[in-house]
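I sat down with a structure today and kept notes as I went. Here is the page from my notebook, for anyone at the bench who wants to follow along.

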Amino acid sequence: MKQAIICVDDEDIILEALKDQLGPFFENQYLIETSTTAEEALEIYDELVESGYNVPVVISDYLMPGMRGDEFLIKVHAKNPHTLKILLTGHANIEGITNAINKANLYRYIPKPWDRDDLILTVREAVRSFLQEEEIKKKNEELQSINENLEKLVEERTSELEEANATKDKFFSIIAHDMKDHFSGLLGYTEVLSTDFERFPDEEKKTIISTIRNVSEQTYKLLQNLLEWANIQTGNMPFKPEQFPLTAFILDEMTLLQEYSGKKHQTLDFKPTNETIVYADESMISSVMRNLVGNAVKFTPENGNIVITTARKDSKAIITIQDNGVGITPENLVRLFKVNESVKTYGTNQEDGTGLGLILCREFIKKNGGEIAIDSKKGVGTTVSFTIPLLG
Ligand SMILES: Nc1ncnc2c1ncn2[C@@H]1O[C@H](COP(=O)(O)OP(=O)(O)O)[C@@H](O)[C@H]1O
Ligand SMILES: [Mg+2]
């Protein structure tokens, strides 16, 4: 940074002397500004600061027409308390010096006529002390910014850890509750069958076996979801993003998805926009589509309507799945993606679920650089949309 020293005295000859002595000492690297009035010196001070100068030292005469030296130094002190102030005067005026010491934190008082070496030594010390102070200030600011960054980092890490911990809690709670329920069901049915096999008529046996089959299937689905979820949490899920055409991809998925909706006699329409090339892991997006359309089917009564649309916005493709089903209550809507909460309701045909589907979808979409949003009105229907990037 550029450095400047301001000298104020109503006598030109004094200013000349100061300039002659100080200039060469600072090897003309310091700008030495002079002024015959304190008023003008204050303006010079402001101009210097505005053009990027440091003013380590001001040297001022005491008695001048207009503003006195002590008042001038008090004004400089108000502008920058770090600037070191030197009072230079032939009239030993105790009151003025005391005033400058008390109110302007006067650095030195030099009586006129001064000794050249004494003056240079004093100014040199003042400059050194100023620069040291500046250095400390800079270091402090650096430390503070490092500190702030560290605090932010700790906060981020903490919230990541909290989320990971909540995830683990949810994992265990699902195993503890849902899996346990399923298994106690299975154990109960198989126990009855094995101890009282002969007692049951064939029809009843068939019903029990079909129930066992359903519960097993549900347990298997739950286990599959849990495993998929565990894999993505631990980073063990292979992630292979590629470019692929979105419309063709969804058309491919439609056969399977229409099988879901067909079972409940619902219509499932696809309204694509112009063909868009997206960049994502196809198998993850395919899993997301199945989960979301699966939900739409599950939470929409027989003969309902489901529509898939695509659009483009900025550098993302938006895929929307809209149904006219039962909708979601506002209380549940805000809890949907929270790992430490659990939202799970039965479908319109009492279809059971795991309550993990949406969380999985969000993880998959996040991994692919997109976002998911749900809008829903109880009794009217639900709209789920998610984005995927157009280019890698
Ligand atoms: N399209 C939808 N319409 C109404 N409710 C929905 C819809 N999608 C999700 N939900 C609600 O969100 C819950 C969580 O969904 P999800 O995570 O897929 O779990 P699951 O389908 O196993 O119940 C569902 O149980 C349901 O209450
Ligand atoms: Mg689901």
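The entries below go from the overall layout to the ligand and then to single residues.

**Entry 1: layout.** I noted before anything else that this is a predicted model. I then looked up the domain assignment, which gives domain 1 (2-114), domain 2 (165-233) and domain 3 (242-389). I also wanted the spacing of the two outer entries in that list. The centres of domain 1 and domain 3, taken over C-alpha atoms, are separated by 75 Å.

**Entry 2: helix α1.** I began with α1, which spans residues 12-25. Its 14 residues reach 20 Å from the first C-alpha to the last, close to the 20 Å expected at 1.5 Å a residue. Which residues of α1 are buried? I found I14, L15, L18 and L22. These four sit on the same side of α1, because they cover an arc of only 95° around the axis. The general rule helped me here: an α-helix has 3.6 residues a turn, so residues three or four places apart point the same way.

I turned to the other face next. The exposed residues D12, I13, D20 and P24 are on the face of α1 turned away from its buried side. As for what the buried residues pack against, I wrote down β1 (2-8), β2 (31-35), β3 (53-61) and α5 (116-195). After α1 comes E27, with a positive phi near 50°.

**Entry 3: L15 up close.** I picked L15 out of helix α1 for a closer look. Why does L15 count as buried? L15 has 20 other C-beta atoms within 10 Å, and 20 or more is the cut-off for buried. Leaving out residues up to four places away in sequence, L15 touches C7, D9 and T34. I also checked L15 against T36: they are 21 residues apart along the chain, and their C-alpha atoms are separated by 8.1 Å.

**Entry 4: around ligand 1.** Next I went to the ligand. There are 21 residues around ligand 1, and N295, F299, G353, G357 and L358 come nearest. Which helices supply at least two residues each to this shell? I found α8 (282-298) and α10 (357-367). The most comes from α8, with three residues. By class, I listed eight nonpolar, eleven polar and two charged residues in the shell.

**Entry 5: helix α10.** Since α10 helps to form the shell around ligand 1, I looked up its buried residues too. They are G357, I359, C361, E363, F364 and I365. I was pleased to meet G357 again, as G357 is also among the residues that come nearest to ligand 1. The cover over the buried residues of α10 includes α6 (202-233), α8, β11 (372-377) and β12 (381-389). Just after α10, G369 has a positive phi of about 85°.

**Entry 6: K221 and G353.** I then followed α6, the helix where K221 is found. K221 is partly exposed, with 15 other C-beta atoms within 10 Å. K221 and G353 are 132 residues apart along the chain, and their C-alpha atoms are separated by 8.9 Å. G353 is another of the residues that come nearest to ligand 1.

**Entry 7: H82.** Where does H82 lie? I found H82 in the loop between α3 (69-79) and β4 (84-89). H82 is partly exposed, with 15 other C-beta atoms within 10 Å. Not counting residues up to four places away in sequence, H82 touches F130 and E133. The C-alpha atoms of H82 and V57, 25 residues apart along the chain, are separated by 9.0 Å.

**Entry 8: backbone oddities.** I closed the day with backbone angles. Most residues other than glycine have a negative phi, and most peptide bonds are trans. The peptide bond from K112 to P113 is cis, with omega near -15°. I placed P113 in the loop between β5 (108-111) and α5.

D314 has a positive phi near 55° and lies in the loop between β9 (305-313) and β10 (316-323). D314 counts as exposed because 8 C-beta neighbours lie inside 10 Å, and the cut-off for exposed is 12 or fewer. Q350 also has a positive phi, near 60°, and its place is in the loop between α9 (330-335) and α10. Buried or exposed, I asked of Q350? Q350 is exposed, with 7 other C-beta atoms within 10 Å.

Conventions:
Residues are numbered from 1 along each chain as its sequence is written. Chains are lettered from A and ligands numbered from 1 in the order in which they are written. This is a predicted model: local features need pLDDT of at least 70, side-chain atom pairs count only at pLDDT 80 or more; totals for chains, interfaces and linings use all residues. A residue is near a molecule or strand if its C-beta atom, placed from the backbone, lies within 6 Å of it. Ala, Val, Leu, Ile, Met, Phe, Trp, Tyr, Cys and Pro count as nonpolar, Asp, Glu, Lys and Arg as charged, and the others, Gly among them, as polar. The expected span of a helix is 1.5 Å times one less than its number of residues. The arc is that of the directions from the helix axis to the C-beta atoms. Two residues are in contact if their C-beta atoms, placed from the backbone, lie within 7 Å. Domain bounds come from an automatic or database domain assignment.
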